[in-house]
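I opened this model to look up two things. One is the surroundings of the ligand, the other is how some helices pack.

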Amino acid sequence: MQVPEEIVHAAGLIPVVIWRGNEAVTWGHSHIPPYYCGIVRSFIDDAVRGKLGFMDGMIFHVRQCLLIMDIPLIIERHVKPEYMKLLYLPPVYPGEATRDFLISDLELFKKSLEEYTGNTITDDMLKSSIAVYNENRSLLERLYEIRRKKPQILTSAEVMKIVWAGMLMQKEDHNELLKELLPLMEAMTIEPTTKIKVIPIGCLCQIPPFDVLNMIEDLGMVIPDDDLYVGSRYFANKVNMNDNPIEALAERHLKKTPVCPTKGVWDVLWADDVEEMVKLNNASGVISIHVKFCPPHACYYPDFKSRMIEKGIPEILVQVEHEMLSMEGIKTRLQSFTESLGGE
Ligand code: SF4
């Protein structure tokens with residue numbers, strides 16, 4: 001996550017966000033301890049079982065979290081991609097030093113892609129890739145505006161699949177598909193909902209289990225918006241084009257909102273950010289989806305929770321795991337949350 005995909009796109013490559021697999025972790029256990037998050041364990045398992053060899057290259061933003069830092073060593077040994085790059089995008093501290101470091105890291109990234117592909121990445125090529133990505137962000141914003149007005153038009157899992165598809169396919173193709181879909185959605189008439197509106201947040205780097213999203217809706221709640229990586233966070237903040245596209249990409253990375261614990265922002269509060277979203281959507285509560293053993297989320301959660309209490313915003317934590325997801329336990333928690341919000 002957070003890799004500026006536009007630079008990869010401008011090099012003539014197809015950037016694809018890597019996903020955890022669906023299968024139980026097997027050989028991966030011999031490389032990664034069980035207290036690592038399921039996403040890293042599953043990814044390592046796929047790597048050592050030879051399931052990632054179809055990729056020509058891999059790029060890791062190793063400062064995303066502590067657990068990601070262990071992946072490249074294992075990848076180098078077991079997958080041996082033709083191209084491998086570690087990015088050190090800095091935490092978002094104020095000050096010129098952070099910005100300068102980030103710009104130099106992105107310049108080095110561009111140079112290494114040029115060496116790998118043999119293509120020079122000109123400013124014009126970068127600007128045109130940025131334009132494609134900005135268009136994608138505008139289209140997804142439009143999708144979310146429609147959803148806010150007609151939250152039952154699609155299930156939350158369907159919305160996620162639309163965002164997710166854009167992470168896996170050529171952005172130009174995704175843009176064309178969205179341009180076909182959005183007018184159809186705009187033309188549909190949907191009765192205003194009286195259901196309880198809730199906002200799911202968390203799942204910092206992957207998609208939440210669809211079973212959990214479906215359960216929220218099956219229990220009579222509706223999701224008009226989200227603060228999830230495979231959701232509104234992925235397309236937030238367009239790149240403000242200026243004469244220097246690398247600087248423009250750096251500026252986007254340095255934006256403090258939406259607040260993401262993996263970016264180390266503390267001077268803007270995550271709770272304030274989420275409160276805005278709750279007000280915008282006239283929502284009744286927030287469902288925090290925490291991936292078990294995710295340190296950035298765990299680090300921010302106590303502060304977030306206490307501020308939700310101060311603000312009087314009902315919030316509940318649901319913990320998810322790659323394997324052994326206890327749906328009964330989650331159902332009990334969500335049921336009592338719905339009832340506390342006045343649902344049946
Ligand atoms: S779930 Fe958390 S700990 Fe695991 S890779 Fe994602 S950000 Fe890192």
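My entries below cover the ligand shell and then two helix pairs.

**Ligand shell.** I noted that this is a predicted model. I started with the residues around the ligand, and there are 14. Which of them come nearest? They are C37, C65, C205, V291 and C294. I then looked up which helices supply the shell. α2 (38-48) and α12 (295-311) each give at least two residues. Next I sorted the shell by class. I found 12 nonpolar residues, two polar and no charged.

**α11 and α12.** I went on from α12 to its packing with α11, residues 270-281. The angle is about 50°, and the axes lie 9 Å apart. Angles from 35 to 65 degrees fall in the oblique class, so α11 and α12 are oblique to each other. The crossing is right-handed. On the α11 side, the contact uses W270, A271 and E275. α12 brings Y300, F304, R307, M308 and K311. By class I get five nonpolar, no polar and three charged residues.

**α5 and α7.** My second pair was α5 (residues 123-149) with α7 (residues 171-187). Here the angle is about 25° and the axes are 10 Å apart. The cut-off for roughly parallel is under 35 degrees, so α5 is roughly parallel to α7. I logged this crossing as left-handed. From α5, the contact includes V132, Y133, L139 and R142. From α7, it includes K171, H174, L178 and M185. The contact divides into eight nonpolar, three polar and six charged residues.

Terms used
Residues are numbered from 1 along each chain as its sequence is written. This is a predicted model: local features need pLDDT of at least 70, side-chain atom pairs count only at pLDDT 80 or more; totals for chains, interfaces and linings use all residues. A residue is near a molecule or strand if its C-beta atom, placed from the backbone, lies within 6 Å of it. Helices (H or I, at least four residues) and strands (E, at least two) are DSSP runs, numbered from the N terminus. Ala, Val, Leu, Ile, Met, Phe, Trp, Tyr, Cys and Pro count as nonpolar, Asp, Glu, Lys and Arg as charged, and the others, Gly among them, as polar. Axes are lines fitted to C-alpha atoms, for helices over the stretch in contact, and angles run from 0 to 180 degrees between N-to-C directions. Angles under 35 degrees count as roughly parallel, over 145 as roughly antiparallel, 65 to 115 as roughly perpendicular and the rest as oblique. A crossing is left-handed if the near helix is turned anticlockwise from the far one by less than a right angle, and right-handed if clockwise. Two residues are in contact if their C-beta atoms, placed from the backbone, lie within 7 Å.
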